[in-house]
Structure formats: structure tokens, C-alpha cells
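Welcome! Have the sequence and the 3D view open side by side, and let us walk through this protein together, one region at a time.

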Amino acid sequence: MVAIIESDCTGCDLCIPHCPFEALLPLLESPPNRTKAKRPVVVVESQCVGCLSCIGSCPTQALHELITPPSAAKSPLLNPPKPPQTEPVNRWKKGGLRWA
Ligand code: SF4
Ligand code: SF4
């Protein structure tokens, strides 16, 4: 799986089209006390399959690989937390980002 360090994420959105599973989405609202002007992008864990297609797409290295727990019963893929509220992103309609 992957994770994003919120304080290192500028909200540039460059990583979004690198995810074929639409697991990288902008938060609907910036968290309180955020110092950067733009809202961050988050990993929607229920949609991330850990393919690592997005690795390397982040210019600030906010996006990084997480080691999956050795016991499958502990994997966040099996029991993902409630997804955060995110902005819709046009991926596949006319003018959409598509897949990088
Ligand atoms: S690891 Fe794969 S599924 Fe998960 S966010 Fe990155 S590209 Fe998407
Ligand atoms: S590419 Fe990096 S800095 Fe830009 S939105 Fe994605 S995680 Fe944030």
C-alpha cells in the first residue's frame, strides 16, 4: 500500500492520473491547521490495491510505500477505514485526466 505525508503534500494533483484504481483523490476540505494553500490529496484505502503505479509520481516524495503487515488479518486492505470526503475528479469523460 501507499500513504501520503499530509504536511509534505502541496496538493499539486500530479499523482492522481497515475492511479488506475482512482484511489488518489483530493480532500473535499483542507484539514484544520494546514499551512499549505491547497488541500491535500489522500489515499482512499478501500480502493488502493498496492500496485505501486503511483510511486515516483510525487515531486515532494510525500507519497511513499507502506509495508503491508505480514499477517493478512491485519491488512488495511481487508478492513479499510471509512473513506474520507473527497472531491470528484473527472478521469474518463471528455477533457478528463485519464491514466498517466
Ligand atoms: S498503489 Fe496503485 S492502487 Fe494504490 S494509490 Fe498507488 S497506483 Fe493507486
Ligand atoms: S504528487 Fe505529491 S504533492 Fe502532489 S498531490 Fe500527489 S502526493 Fe501531493
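## Cysteines, ligands and a loop

Let us begin with one cysteine: Cys 51 is partly exposed, because its relative accessible area is 40%, and partly exposed covers the range between 20% and 50%. Keep in mind as you look that this is a predicted model.

Cys 51 also belongs to the surroundings of ligand 1. Of the 14 residues around this ligand, those that come nearest are Cys 19, Cys 48, Cys 51, Leu 52 and Cys 54. Sorted by class, the shell of ligand 1 contains 11 nonpolar and three polar residues, with no charged ones.

Now turn to ligand 2. Its surroundings include Cys 9, Cys 12, Cys 15 and Cys 58, along with Ile 4, Asp 13 and Val 41. Here the shell has eight nonpolar residues, three polar residues and one charged residue.

With so many cysteines about, how many disulfides does a search of the whole structure find? The search finds zero. As a reminder, a disulfide is a covalent bond that joins two cysteines through their sulfur atoms.

Next, compare the accessibility of three residues with that of Cys 51:

| Residue | Relative accessible area | Class |
|---|---|---|
| Cys 15 | 10% | buried |
| Arg 34 | 14% | buried |
| Ser 30 | 35% | partly exposed |
| Cys 51 | 40% | partly exposed |

Two residues of the table, Arg 34 and Ser 30, sit in the loop between β2 and β3. Why does Arg 34 count as buried? Its relative accessibility is 14%, and the cut-off for buried is under 20%. A polar atom of the Arg 34 side chain lies 2.6 Å from the backbone oxygen of Cys 9. Beyond the residues up to four places away in sequence, Arg 34 touches Glu 6, Cys 9, Thr 10, Gly 11, Arg 39 and Pro 40.

Ser 30 has Pro 40 among its contacts too, together with Lys 38 and Arg 39, when neighbours within four places in sequence are left aside. Ser 30 and Pro 40 are 10 residues apart along the chain, and 6.7 Å separates their C-alpha atoms.

Finally, look at the largest nonpolar core, which has 16 residues; Ile 4, Leu 24, Val 41 and Leu 63 have the most contacts inside it. The elements β1 and β3 each give two or more residues to this core. Apart from neighbours within four places in sequence, Leu 63 is in contact with residues including Ile 4, Leu 24, Cys 15 and Cys 58.

Note on methods
Residues numbered from 1 in each chain as written. Chains lettered and ligands numbered in written order. Predicted model: local features only at pLDDT ≥ 70, side-chain atom pairs only at ≥ 80, totals over all residues. Heavy atoms only, no water. Near = heavy atom within 4 Å. Nonpolar A, V, L, I, M, F, W, Y, C, P; charged D, E, K, R; others polar. Helix = DSSP H or I, 4+ residues; strand = E, 2+ residues; numbered from the N terminus. Buried < 20%, exposed > 50% of the residue type's maximum accessible area, 1.4 Å probe, protein only. Polar contact = N/O pair within 3.5 Å; in protein donor to acceptor, adjacent residues only side chain to side chain. Contact = heavy atoms within 4.5 Å. Core = buried A, V, L, I, M, F, W, Y, C linked by side-chain atoms within 4.5 Å. Disulfide = S-S within 2.5 Å.
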